[in-house]
Every structure is written in structure tokens, then in C-alpha cells.
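Dear colleague,

I am handing over the structure we spoke about, and below it you will find an account of what turned up when I went through it. Please read the text with the structure open beside you.

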Amino acid sequence: MNNRISILIPAAGRGTRSKLTYPKTLFKINNISILERIVKNTKFLNANISIIASLEGKDQISKKLNDKNIYSEIIIQKRPNGMGDAILHYKKSRFYKDTNDILLIWGDIPFVKKSTYKKLINFHYKNYNAVSMLSTFVQNPYTFIKRDN
């Protein structure tokens, strides 16, 4: 795989809808946090990992990553200005200038399988994308993507 690929994980939400006192990406399911599950299932890419975190959540995310020996970079989004703004913060990444390809992975989606990430990366390269992300059709989303040709 291309060593110049990066994984961007927006995880700066406050988690107010879930009523958690910590970042939602650290929520554990079957004793593994969502963030750990994402990293585990994308490890085959040998990618640079950048996490967009809030100022309030940075230390908790950093501690969890250090405890699990997960190497990544944390970029602070000072104000919760939405997903688009979080993504724009990637320009602050030390990987930004050397990155040809970005996989955008939502930091609060727990059950994406390794095989799905493999399909995504194959689709990414087949279509010469610069940025790719998983999406699906659901009723009543809290975030939506407007698709066109």
C-alpha cells in the first residue's frame, strides 16, 4: 500500500446527544473503544493517523492512545464548528504536505469491518480519489451528504 496515505478521524464532538462525560470515540463496546476498533481494523494500511479532537477531549484521547501503544497525531479543533471545519483542521497536520490520499473515518462509527475498509481503499485507488469516506443511506440522519454526478 501507498505509505503516503493518511487516516483522518474527526472526533471533536462533545457527545451531548449520548450524554457521555468523555469523547464518544472512547465509548467501549465489548471492552474495546470505538477508536481502538477503528485503528485495529485499518492497521493493514500502515497509514499515518490524525485525530481531530476538542480541547476538552484531547487529554482523554491521548491517554487512551498512549495506554494502548497507538501512535497517532492529535489536532485540536478549538470550537465545535461541525465536520467540515474539523476536516479543514487537517491542514495543521505534520503529514499534510506528504499525503497523497486521505481516508476520512467518522470517529463514532463502531462496527465497520476490516473487509469494508479494504473495499474502500480499493475503490479509492480505482477511482483516483484524493479523499474517500464510507457512507450509507439511512432514515433521519443527524449528518447527511449531498451526492451529485
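I begin with a detail of the strand pairing: the bridge partner of Ser50 in strand S5 is Glu73. Please keep in mind throughout that this is a predicted model.

**Strands**

The pairing to which Ser50 and Glu73 belong joins S4 and S5, which run in the parallel sense over 5 bridges. S4 also pairs with S1, again in the parallel sense, over 6 bridges, and within that pairing Ile7 stands opposite Ile49, while Ala11 stands opposite Ala53. S1 has a further parallel partner in strand S6, residues 101-104, with 4 bridges between them, and here Leu8 has Leu104 as its bridge partner.

How many of the 7 residues of S1 are buried? The count is 7 of 7, so S1 is largely enclosed by the rest of the structure. Both of its faces are covered, with Ile5, Ile7, Ile9 and Ala11 buried on one side and Ser6, Leu8 and Pro10 buried on the other. S4 comes out in a similar way, since 6 of its 7 residues are buried, and it is therefore largely enclosed as well.

**Nonpolar cores**

The largest nonpolar core contains 24 residues, and those with the most contacts inside it are Ile7, Ile9, Leu35, Ile51 and Ile61. At least two residues of this core come from each of strand S1 (5-11), helix H1 (34-42), strand S4 (48-54), helix H2 (58-67) and helix H4 (114-126). A second core, separate from that one, has 9 residues, among them Leu8, Ala12, Ile52 and Phe95. As background, nonpolar side chains in soluble globular proteins tend to be buried together.

Which residues does Ile7 touch, once its neighbours within four places in sequence are left aside? Ile7 is then in contact with Thr42, Leu45, Ala47, Asn48, Ile49, Ser50, Leu103 and Ile105.

**Helix H1**

Of the 9 residues of H1, 8 are buried, so this helix is largely enclosed by the rest of the structure. The buried residues are Ile34, Leu35, Glu36, Arg37, Ile38, Val39, Asn41 and Thr42, and they pack against S1, strand S2 (28-29), strand S3 (32-33), S4, H2 and H4.

**Salt bridges**

The model has 6 salt bridges by the rule applied, and I describe some of them here. Glu36 and Lys64 meet through their side chains in a salt bridge at 4.0 Å, N to O, a value you may wish to read with the cut-off of 4 Å in mind. This pair links distant parts of the chain, with Glu36 in helix H1 and Lys64 in helix H2, 28 residues apart, and both Glu36 and Lys64 are buried.

Glu36 also forms a salt bridge with Lys68, where the closest N and O atoms are 3.6 Å apart. Lys68 lies in the loop between H2 and strand S5 (73-77) whereas Glu36 is in helix H1, so this pair ties together parts that are 32 residues apart in sequence. The two partners differ in burial, as Glu36 has a relative accessible area of 9% and is buried, while Lys68, at 41%, is partly exposed. Taken together, Glu36, Lys64 and Lys68 are linked in a network of salt bridges.

A salt bridge of another kind of placement joins the side chains of Asp67 and Lys63 at 2.9 Å, N to O. Both of these residues lie in helix H2, 4 residues apart, which is about one turn of the helix. Asp67 is partly exposed, with a relative accessible area of 48%, and Lys63 is exposed, with a value of 52%.

**Aromatic rings**

The count of aromatic pairs is 1: Tyr90 and Tyr96 are arranged edge-to-face, with 5.8 Å centre to centre and 70° between the planes. Tyr90 is buried at a relative accessible area of 3%, whereas Tyr96 is partly exposed at 36%. In addition, Lys118 lies over the face of Phe44, at 5.5 Å from the ring centre.

With best regards

How values were computed: Residues are numbered from 1 along each chain as its sequence is written. This is a predicted model: local features need pLDDT of at least 70, side-chain atom pairs count only at pLDDT 80 or more; totals for chains, interfaces and linings use all residues. Side-chain values use heavy atoms; hydrogens and water are left out. A nonpolar core is a set of buried Ala, Val, Leu, Ile, Met, Phe, Trp, Tyr and Cys residues joined through side-chain atoms within 4.5 Å. Buried means under 20% relative accessible area, exposed over 50%, partly exposed in between (1.4 Å probe, protein chains only). Contact means heavy atoms within 4.5 Å. Rings of Phe, Tyr and Trp (its six-membered ring) pair if their centres lie within 6.5 Å; planes under 30 degrees apart count as stacked, over 60 as edge-to-face and the rest as tilted. A charge sits over a ring if NZ of Lys or CZ of Arg is within 6 Å of the ring centre and within 35 degrees of the ring normal. Two strands pair if DSSP finds at least two bridges between them.
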